[in-house]
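Here's a quick tour for anyone opening this structure for the first time. Have a look at the model below, then read on for its sheets, its helices and the ligand site.

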Amino acid sequence: MAEMFDPRPGDNLRALDAGAGAGALTDALLSSRLSQSAQQVNMLLAEVDELLCDHLEDAVADWERLSRGSVKVLNANFISFADQAKEDATTFDAIISNPPYARIGKDTPERHPLKARYIRVPNLYGAFLWLSVELLAPQGQLVAIVPRSFCSGPQFAELRRKMFSQCSLRRLHLFQSRTMVFPEDRVLQETVILHLVRDTQADNIELSWSPGLDLQATHATTVPSDRVLQSQGNDYFITIPASPEAARQTGRAADHALLLRSPVTASTGSVVDFRMKDYIVEEVDTKNVPLIGSPFVSKGHRSRRDGRLYLKRTDKTQRHIFPIGNYIVVKRIAPKESTPRLMARLVTEQELRPHSGVAFENHVNVIHAGRKGLSAGQAQHIMTSLAHPATQQQFEERSGTTQVNVSDLLSLHDPLEIRNKESHDD
Ligand SMILES: C[S@@+](CC[C@H](N)C(=O)[O-])C[C@H]1O[C@@H](n2cnc3c(N)ncnc32)[C@H](O)[C@@H]1O
């Protein structure tokens, strides 16, 4: 991580280790090319844990020799520290961070301070990224190791806007194993290291991959920035090709969206079972409509519940009911190890008869034509495209979590159309 910083020969650098722990990253930074090429480094370590701070103090004298500048340990919450720094107009030329990984729940002490600052992120690591970006001086650099989940999905959309409207993504390193990087912390997500510079986006991004911490096994390549960082409306998202070979295939034909041809679109099923339990029944009655959930899509086995739950039609449930027709349901949970990642199944008009409608649980996403069924031809085409290896690959590159978001589905390009266009061009 420390060697990812671009050296700044002759500069007096202000550097920060956000969430310094026992100081491993500070140690690496002060021994790196960045530090050696600078005239001096003034380093600040922010750490909330008092005991760790005592331990850090013991190393200050050694670090000051390396830095040729000052090294300070600050026992503080990074969020209040960032506030104070903003007030004092303090910025940094280099920030290195391995931020805490913890979901922000109702008991998380940082929850209210973050809300008061309009920082909307679901995980503490996102707050550290957000505040670090704010603390960068022009041309300042941030290198952070974080889970991949911020790369896509609505929960991190504001963070991505913050990061990529203000910074240039220079390099991304992907650890492909979900378990090899932080096994003791139970971070069961792919992990990335990112290098950002407070500047306009550079034309190219360096990509590298290693299975785990063995960096000898690293593959690397450079790609045009829009192969990795894409904007859609006012959202940014990151796609990470699985290998250098995949990276060289351009993400061409962005205009061939699979699902955005009006009125075809996708939405998440709206029936939340625990909220509507009084209306979910097992009785077959012509007034009730089939309730489609994830067992319906699961490969191989069909559970007892599969297709046998019904939603009562009442004034309260009416808005959840679609007319009978052809719909494609896509399972919302798709762990990296599952094959295929995108699991879809067609519900046909025929199998829904003689019911008067159908409803969908929130464990599935539904592809529909403006809340009506798809034509048989549309449904077949979309099913074939979803099963295509190129679509599965697009999804892999896009998705950093175990969820299939509607936005992920809407961003898919149609491999069949791209193929048609290519043969037409030839
Ligand atoms: C994942 S550890 C990383 C430690 C060290 N940088 C490393 O890489 O070994 C995150 C550190 O952030 C600290 N931390 C957690 N919440 C914090 C907060 N709100 N402000 C400052 N530090 C915090 C934790 O005590 C922990 O030492």
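Before we start, one term: two strands count as paired if DSSP finds at least two bridges between them. Strands β16 (residues 327-331) and β19 (residues 364-369) clear that bar, as 4 bridges join them in an antiparallel run. Keep in mind that this is a predicted model.

**The sheet of 4 strands**
- β16 and β19 belong to an open sheet of 4 strands, ordered β12-β19-β16-β17, and the pairing is antiparallel.
- At the edges you'll find β12 (264-268) and β17 (344-347); each has a single partner strand, so one side of each has no neighbour in the sheet.
- From one strand to the next, the twist averages 25°.
- Want a spot to zoom in on? V329 has V366 of β19 as its bridge partner.
- Helix α11 (residues 376-387) packs on this sheet and touches β12, β16, β17 and β19. The direction of α11 makes about 170° with that of β17.

**The sheet of 9 strands**
- There's also an open sheet of 9 strands, with mixed pairing and the order β3-β2-β1-β4-β5-β7-β6-β8-β9.
- Its edge strands are β3 (71-75) and β9 (219-224), and each of them pairs on one side only.
- On average, neighbouring strands here are turned by 15° against each other, direction ignored.
- Over at the β9 edge, strand β8 (residues 204-210) pairs with β9 in the antiparallel sense over 6 bridges. Look for E206, which sits opposite T222 in β9.
- Helix α7 lies across β1 (12-18), β4 (92-97) and β5 (136-147), and runs at about 170° to β5.

**Two helices side by side**
- The axes of α5 and α7 (residues 124-134) come within 10 Å and cross at roughly 15°. Angles under 35 degrees count as roughly parallel, so that's the label for α5 and α7.
- The crossing of α5 past α7 is left-handed.
- On the α5 side, the contact uses F78, I79, A82 and K86; on the α7 side, A127, F128, L131 and E134.
- Sort those contact residues by class and you get 6 nonpolar, no polar and 2 charged.

**Around the ligand**
- Which residues come nearest to the ligand? Of the 17 around the ligand, they are G19, G21, V48, F78 and N98.
- Elements giving two or more residues to this shell are α1 (24-30), β2 (40-47) and α5 (78-87).
- By class, the shell has 10 nonpolar, 4 polar and 3 charged residues.
- F78 turns up twice on this tour: among the residues nearest the ligand, and in the contact of α5 with α7.

How values were computed
Residues are numbered from 1 along each chain as its sequence is written. This is a predicted model: local features need pLDDT of at least 70, side-chain atom pairs count only at pLDDT 80 or more; totals for chains, interfaces and linings use all residues. Axes are lines fitted to C-alpha atoms, for helices over the stretch in contact, and angles run from 0 to 180 degrees between N-to-C directions. Two residues are in contact if their C-beta atoms, placed from the backbone, lie within 7 Å. A residue is near a molecule or strand if its C-beta atom, placed from the backbone, lies within 6 Å of it. Ala, Val, Leu, Ile, Met, Phe, Trp, Tyr, Cys and Pro count as nonpolar, Asp, Glu, Lys and Arg as charged, and the others, Gly among them, as polar. Angles under 35 degrees count as roughly parallel, over 145 as roughly antiparallel, 65 to 115 as roughly perpendicular and the rest as oblique. A crossing is left-handed if the near helix is turned anticlockwise from the far one by less than a right angle, and right-handed if clockwise.
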